[in-house]
Amino acid sequence: MSEIFSKSMARNIYFGGSAFFIFLFLGLTWHTVKVLPETDNSAALTEEVILGKKVWEDNNCIGCHTLLGEGAYFAPELGNVYKRFGNSTEAIKGFIKSRPVNGIPGRRSMPQFNLSEEELNAIAEFLKYSSEIDTSNWPPNIQG
Ligand code: HEC
């Protein structure tokens with residue numbers, strides 16, 4: 001191996017490296033644009049799901065929960081709660097209605113939100129919609 005690191009070697013590494021990463025960047029951009037339409041489930045955005053998002057925001061659910069990783073870490077991740085509850089919107093509604101359950105030592109408790117039947121349906125549909133977003137199987141386990 002040559003002992004001398006010449007100017008031309010440095011230049012080749014500089015231009016070669018730049019070209020490599022520019023092509024890598026363009027390739028990954030092309031791939032993302034290609035697969036994006038396959039992940040689009042905006043057709044599932046019904047009026048109910050939209051109302052559910054409003055209920056979610058008005059009651060600051062994200063103040064305690066995460067949704068697909070975003071939010072607070074006080075309470076369980078809800079992006080996959082629909083699947084965790086056996087693909088059941090009824091189970092989600094039942095859970096929200098039956099809060100709070102106090103008196104279990106060491107267990108955090110969720111407050112009662114007194115949601116109307118319409119709001120409960122909407123929030124359950126919103127959580128169902130969230131669970132069907134293609135996240136490339138994230139989070140990796142069903143516990144969230
Ligand atoms: C003050 C904090 C707080 C807020 C705000 C809150 N939650 Fe919770 N939530 C909790 C806690 C704590 C648990 C876990 C309770 C338990 O397991 O008994 C929980 C559990 C849940 C679960 C069951 C999750 C599981 O995997 O067992 C659902 C569904 C849920 N919350 C929905 C909601 C929705 C919808 C909202 C907004 C309307 C909301 N939460 C707002 C604290 C909160």
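Colleague: What makes a residue of the shell around the ligand nonpolar, polar or charged?
Modeller: Its type decides: Ala, Val, Leu, Ile, Met, Phe, Trp, Tyr, Cys and Pro count as nonpolar, Asp, Glu, Lys and Arg as charged, and the others, Gly among them, as polar. By that rule, the shell has 14 nonpolar, four polar and four charged residues. This is a predicted model, where local features need pLDDT of at least 70, side-chain atom pairs count only at pLDDT 80 or more, and totals for chains, interfaces and linings use all residues. Residues are numbered from 1 along each chain as its sequence is written, and side-chain values use heavy atoms, with hydrogens and water left out.

Colleague: Which residues that surround the ligand are the closest?
Modeller: Cys61, Cys64, His65, Arg107 and Met110, out of 22 residues around the ligand, where near means a heavy atom within 4 Å.

Colleague: Why is the pair between His65 and the ligand called a polar contact?
Modeller: A polar contact is a pair of N or O atoms within 3.5 Å. A side-chain N or O atom of His65 lies 2.8 Å from a ligand nitrogen, so the pair qualifies. Polar side-chain atoms of Arg84, at 2.8 Å, and Arg99, at 3.3 Å, each face a ligand oxygen.

Colleague: How do you know where the ligand sits?
Modeller: A molecule sits in a pocket if more than half of its atoms lie within 2 Å of the pocket's grid points. The ligand passes that test for the largest pocket.

Technical notes:
A polar contact is a pair of N or O atoms within 3.5 Å; within protein, one must be able to donate a hydrogen and the other to accept it, and residues adjacent in sequence count only if both atoms are side-chain atoms. On a 1 Å grid over the protein atoms alone, a cavity is a set of points where a 1.4 Å probe fits but cannot get out, and a pocket is an open set with protein on both sides within 12 Å along at least five of seven lines; lining residues have an atom within 4 Å of a point.
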